Amino acid sequence: MLNHAVPDFQLPATSGKSFQLANHLGKNLILYFYPKDSTPGCTTQGIQFRDAYADFQKHNTEIFGISRDSLKSHENFKAKFSFPFELLTDTEELACTLFGVMKMKNMYGKQVRGIERSTFIIDKNGVLVKEWRGVKVDGHAAEVLNFIQTL
């Protein structure tokens, strides 16, 4: 899918909004997939994107976090940490499937199916230009910002 147009899709978003990819042409998009609201790694990741948000905005870039959590869970997570960007709920795994982020993972010695922490950059023309899979949280938002500055 890298260097190809991303098929249009729609997901429910926080703040009573709906996200549709086609409505964001003309801006760079960061779609970051994370396993679960209010867990330590996901919280740190969200905070790092929040803290760099103004820098991303200067580069015509919007950020959206995506997980399989409910909208209610997303609203609480967003409010608790004052995220300036919307969180998208993917309970049906529509975007998760599109981007291939569902993986078998070991959790406390058991195999569980979940989201592999991944980030995707879609340019202003709707083309997937960069992807990170199996993301390590520390320093990731800065790495993404460095890439955005090259667009």
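Buried residues account for 46% of the 151 residues in the chain, as computed from a predicted model. For a chain of 151 residues, a compact globule would have a radius of gyration near 15 Å; the value for this chain is 14 Å, which agrees. Taken along the principal axes, the box filled by the C-alpha atoms is roughly 40 × 30 × 30 Å. Of the contacts between residues at least 6 apart in sequence, 62% join residues at least 24 apart.

The secondary structure consists of 5 helices and 9 strands. Read from the N terminus, the order of these elements is β-β-β-α-α-β-α-β-α-β-β-β-β-α.

**Helix H5**

Helix H5 spans residues 140–148, and its buried residues are His140, Ala141, Val144, Leu145, Phe147 and Ile148. Viewed down the axis of H5, these buried residues fall within an arc of 160°, so they line one face of the helix. They pack against two helices and four strands: helix H1 (40–51) and helix H2 (53–58), together with strand E3 (28–33), strand E4 (61–67), strand E8 (118–122) and strand E9 (128–133).

**Pockets**

Rolling a probe the size of a water molecule over the atoms shows where empty space is left. Two pockets of the model are set out below.

| Pocket | Volume | Nonpolar lining residues | Polar lining residues | Charged lining residues |
|---|---|---|---|---|
| Largest | About 210 Å³ | 5 | 1 | 5 |
| Second largest | About 150 Å³ | 7 | 2 | 3 |

The lining of the largest pocket is formed by Pro35, Lys36, Arg68, Asp69, Lys105, Met107, Tyr108, Val112, Arg113, Gly114 and Ile115. Strand E6 (102–107) and strand E7 (110–115) are the elements that give two or more residues to this lining. The most is given by E7, with 4 residues.

The second largest pocket is lined by Ala13, Lys17, Ser18, Phe19, His24, Tyr53, Glu62, Ile63, Phe64, Pro84, Phe85 and Glu86. Here the elements that give two or more residues are strand E2 (18–20) and strand E4. E4 gives the most to the lining of this pocket, with 3 residues. Strand E4 thus appears in two parts of this account: the buried residues of H5 pack against E4, and E4 contributes to the lining of the second largest pocket.

Terms used. Residues are numbered from 1 along each chain as its sequence is written. This is a predicted model: local features need pLDDT of at least 70, side-chain atom pairs count only at pLDDT 80 or more; totals for chains, interfaces and linings use all residues. Side-chain values use heavy atoms; hydrogens and water are left out. Buried means under 20% relative accessible area, exposed over 50%, partly exposed in between (1.4 Å probe, protein chains only). The arc is that of the directions from the helix axis to the C-beta atoms. Contact means heavy atoms within 4.5 Å. On a 1 Å grid over the protein atoms alone, a cavity is a set of points where a 1.4 Å probe fits but cannot get out, and a pocket is an open set with protein on both sides within 12 Å along at least five of seven lines; lining residues have an atom within 4 Å of a point. Grid points are joined across faces, edges and corners, and a volume is the space filled by probe spheres set on the points. Ala, Val, Leu, Ile, Met, Phe, Trp, Tyr, Cys and Pro count as nonpolar, Asp, Glu, Lys and Arg as charged, and the others, Gly among them, as polar. The radius of gyration is taken over C-alpha atoms; the globule rule is 2.2 Å times the number of residues to the power 0.38.
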